[in-house]
Amino acid sequence: MLHPEATTASVTLTRRERRALTTALTAGALYVALLLWGIYALGDLLLGVDGSLTSSPLMEGMVAVVCLGVTWMAAVYGFVSGRYRSDGQLMEGLSSYLPLLRDYFLLLVGCAQLTALFTYSNLGPYLAIEGAEWLSSLQLPTPLLLLLFILFTALVNLLIVPTELKWQLLSPCFLPLFSAQHIAPAATLSAFTIGEVSTDLLSPFLLYLPLVLTLLRRYQPQATYATLLSRCWRICATLLTAWIALYALWSALGCPFTL
């Protein structure tokens, strides 16, 4: 069962709360305008040494910039609506989520240890290479081989998270195989991407898994990775099926996989 705080109910804003919301949105707009003014009027301050935003202090500190903007809007809303009457209440409101970080960091330590041990064993790359060579040796019809390639990529995605590493391991095995059957590299990459993106949420090595579990435990304190798996596997299966159907339709119509 969900935490009692998770129950939803229709909420009607009072006149003061609506005014506070309007004021907070206005404050947010002013904050964005201030950033734009700093970019175009004070370019030397926020832009990079080459005059671009790519490597500028603004882009490198975007997390802090966004956090500051959200904090500014929250503070404006709190004081205008009457929820905050002092700086102490503001700090108490801003720190209300700090207890969640305790569970987050504990989960993060465990996930980091698991990932480090798995990476040290090289079990993921070994299974990927051996499985790819076995699949390539089956001499199956092209449509069936593409389907198995997508499913195999979806399975490997549970063991290896970085996209570049998976592609480096699988492309030497499958690119020559599919090229010999007149399948364009772009079509092979598309099949690889379908298998990869469909099971990201189920991977125990996902970078954001500790954060997802921490937020889930706010509503279900006993939630584990198995809980997340039981809730999300249907979504991943539906997504994988839909992408495979779209890929088959796209191939049947002879549409190109590149622009």
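How many nonpolar, polar and charged residues does the lining of the largest cavity have? The structure examined here is a predicted model, and the cavity is taken up first, followed by the overall fold and selected side chains.

The search returned one cavity of 30 Å³ or more. The volume of the largest cavity is about 30 Å³. Its lining is formed by Leu135, Ser136, Leu138, Gln139, Leu140, Leu145, Leu177 and Gln181. By class, five of the lining residues are nonpolar and three are polar, while no charged residue takes part.

With respect to secondary structure, the chain contains 12 helices and zero strands. The order of elements along the sequence is accordingly written α-α-α-α-α-α-α-α-α-α-α-α. The chain comprises 259 residues, of which 32% count as buried. Among contacts with a separation of 6 or more, 65% are made by residues 24 or more positions apart.

An individual case of two residues separated in sequence is provided by isoleucine 129, which is located in helix α7 (residues 123-136). The C-alpha atom of isoleucine 129 is separated by 6.3 Å from that of leucine 169, although the two residues are 40 residues apart along the chain. Isoleucine 129 has a relative accessible area of 31% and is therefore classed as partly exposed, since this class covers values between the 20% limit for buried residues and the 50% limit for exposed ones.

Charged side chains were considered next. Side chains of opposite charge can pair when their charged atoms come close. One salt bridge was found in a search of the whole structure. It joins the side chains of arginine 83 and glutamate 17, with an N to O distance of 3.5 Å. The pair connects distant parts of the chain, the two residues being 66 residues apart. Glutamate 17 belongs to helix α1 (residues 15-40), whereas arginine 83 is placed in the loop between α4 (62-81) and α5 (87-94). The partners also fall into separate accessibility classes: arginine 83 is exposed because its relative accessibility is 54%, and glutamate 17 is buried because its relative accessibility is 16%.

Aromatic side chains were treated in a similar way. A pair of aromatic rings is described by the distance of the centres and the angle of the planes. The count came to one aromatic pair. This pair consists of phenylalanine 79 and tyrosine 84, with ring centres 6.1 Å apart and planes at 70°, so the arrangement is edge-to-face; the angle required for that class is over 60 degrees. Phenylalanine 79 is partly exposed, given its relative accessible area of 38%.

Finally, threonine 227 was examined. This residue lies in helix α12 (residues 225-252). Its relative accessible area is 15%, and threonine 227 is therefore buried, the limit for that class being under 20%. When residues up to four places away in sequence are not counted, threonine 227 touches Leu216, Gln220 and Gln222. Between threonine 227 and leucine 213, which are 14 residues apart in sequence, the distance from C-alpha to C-alpha is 9.1 Å.

Methods
Residues are numbered from 1 along each chain as its sequence is written. This is a predicted model: local features need pLDDT of at least 70, side-chain atom pairs count only at pLDDT 80 or more; totals for chains, interfaces and linings use all residues. Side-chain values use heavy atoms; hydrogens and water are left out. A salt bridge is a side-chain nitrogen of Lys or Arg within 4 Å of a carboxyl oxygen of Asp or Glu. Helices (H or I, at least four residues) and strands (E, at least two) are DSSP runs, numbered from the N terminus. Buried means under 20% relative accessible area, exposed over 50%, partly exposed in between (1.4 Å probe, protein chains only). On a 1 Å grid over the protein atoms alone, a cavity is a set of points where a 1.4 Å probe fits but cannot get out, and a pocket is an open set with protein on both sides within 12 Å along at least five of seven lines; lining residues have an atom within 4 Å of a point. Grid points are joined across faces, edges and corners, and a volume is the space filled by probe spheres set on the points. Ala, Val, Leu, Ile, Met, Phe, Trp, Tyr, Cys and Pro count as nonpolar, Asp, Glu, Lys and Arg as charged, and the others, Gly among them, as polar. Contact means heavy atoms within 4.5 Å. Rings of Phe, Tyr and Trp (its six-membered ring) pair if their centres lie within 6.5 Å; planes under 30 degrees apart count as stacked, over 60 as edge-to-face and the rest as tilted.
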